[in-house]
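Student: I should like to discuss how the terms used for a protein model are justified. Please show me the structure.

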Amino acid sequence: MAIREVLRERAHALAHDLLFPSAAAVDAADRLPDEHWSALAGAGLLALAADSDDLGPESFALAGDVLASLAGGCLSTGFLWIQHEGTAMAVARSSLRDRYLPGLVDGSVRSGIALGGLRPGPDQLRVRAVDGGFVLDGSVPWVSGWGMLDVLQVAAVCGDEVVFLLIDAVPSDGLTGTLLSLVAAQASRTVTLHCAGLFVPGDRELARMPLDDWNEMQRWGSPLNGFLALGVAGRCALLLGDEAGDLPDAIVRTRADLLAADPPAVPAARAAASVLADRAAARLAVRTGAASVLRGSDAERLRREAGFLLVFASRPLIRAETMDRLG
């Protein structure tokens with residue numbers, strides 16, 4: 001069996017055997033259990049970004065399918081996994097590969113991302129060069145994994161460039177986090193990150209790119225995030241069984257659209273995925289009946305998760321497409 005199919009099967013088995021059976025407990029917890037991190041590493045699922053030369057359609061499809069399986073088992077796990085993979089990919093293509101990638105692959109180094117601080121405003125995350133390295137000042141909204149991670153990939157503005165740095169995720173006078181209360185995925189420990197004169201050694205630079213190029217990329221959004229919604233929709237369809245209606249076929253079509261989407265097509269594909277998850281969760285709630293309003297039931301949790309994914313990692317173009325589909 002090809003290695004990609006093995007990894008798909010491992011992700012499916014992990015979701016079936018561990019993630020979904022413990023999803024209600026994790027939903028009520030304040031952090032992802034260490035067991036989940038260990039299980040991801042043990043299944044070889046932290047190694048997907050290790051080959052920096054393999055970035056083609058088949059690898060993207062694998063990442064999407066693994067993400068959908070994990071998110072359909074436990075949204076917090078899928079949420080943190082894809083962010084860890086994003087940093088592993090950046091490290092794999094950088095001068096820090098030999099130093100950090102082995103730990104990112106075997107799970108001894110846990111990572112996340114802090115890429116949302118580039119929007120203009122008084123709290124924009126900025127970086128300036130100093131002797132021996134860099135200094136960061138500003139804030140980053142929506143940083144997940146706080147208190148569970150070892151390193152963070154941070155993006156900050158420096159003139160007309162974006163500088164990507166790998167920082168230690170250790171609270172200090174210069175690095176603090178304000179915990180947010182989310183309607184779903186609370187175990188992801190998502191914070192607003194604050195940097196105040198945080199020094200970062202010069203050898204922690206990952207990459208640079210023009211700010212205009214970054215803004216153009218962000219305009220469309222990432223198709224990969226749509227697989228979070230696809231995972232929630234898939235779990236609802238499984239629970240509905242024979243009463244899933246057209247959901248299985250719609251999931252297949254939406255997956256194909258996400259995989260095929262070029263940048264201008266991403267907003268429509270993302271909107272379709274999130275609205276599909278919302279419709280699937282609503283169908284499950286109606287089928288479940290009164291029990292779906294009881295805190296901790298599968299239907300109740302999946303309804304909240306679907307609502308969360310209607311707005312997660314959205315962009316103006318995605319929002320407009322989603323509003324059109326909601327009517």
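The following exchange concerns a pair of helices and the cavities.

Tutor: This is a predicted model, in which local features need pLDDT of at least 70, side-chain atom pairs count only at pLDDT 80 or more, and totals for chains, interfaces and linings use all residues. Residues are numbered from 1 along each chain as its sequence is written, and side-chain values use heavy atoms, with hydrogens and water left out.

Student: Why are α5 and α6 called roughly antiparallel?

Tutor: The axes of α5 (residues 75–92) and α6 (residues 97–106) cross at roughly 150° and come within 9 Å. Angles over 145 degrees count as roughly antiparallel, and α5 and α6 are therefore described in that way. Their crossing is left-handed.

Student: What makes the contact of α5 with α6, and how do its residues divide by class?

Tutor: Contact means heavy atoms within 4.5 Å. H84, A88, V91 and A92 of α5 meet R97, Y100, L101 and L104 of α6. These residues comprise 6 nonpolar, 1 polar and 1 charged. Ala, Val, Leu, Ile, Met, Phe, Trp, Tyr, Cys and Pro count as nonpolar, Asp, Glu, Lys and Arg as charged, and the others, Gly among them, as polar.

Student: What makes a space a cavity, and which residues line the largest one?

Tutor: On a 1 Å grid over the protein atoms alone, a cavity is a set of points where a 1.4 Å probe fits but cannot get out; lining residues have an atom within 4 Å of a point. The structure holds 4 cavities of 30 Å³ or more, and the largest has a volume of about 50 Å³. Its lining is formed by A23, V26, D27, C74, L75, S76, A185, R301 and E305. The largest share, 3 residues, comes from α2.

Definitions and conventions: Axes fitted to C-alpha atoms, helices over the stretch in contact; angles between N-to-C directions. Helix = DSSP H or I, 4+ residues; strand = E, 2+ residues; numbered from the N terminus. Parallel < 35°, antiparallel > 145°, perpendicular 65-115°, else oblique. Left-handed = near helix turned anticlockwise from the far one by under 90°. 1 Å grid on protein atoms, 1.4 Å probe; cavity = no way out; pocket = protein on both sides within 12 Å on 5 of 7 lines; lining within 4 Å. Points joined across faces, edges and corners; volume = space filled by probe spheres on them.
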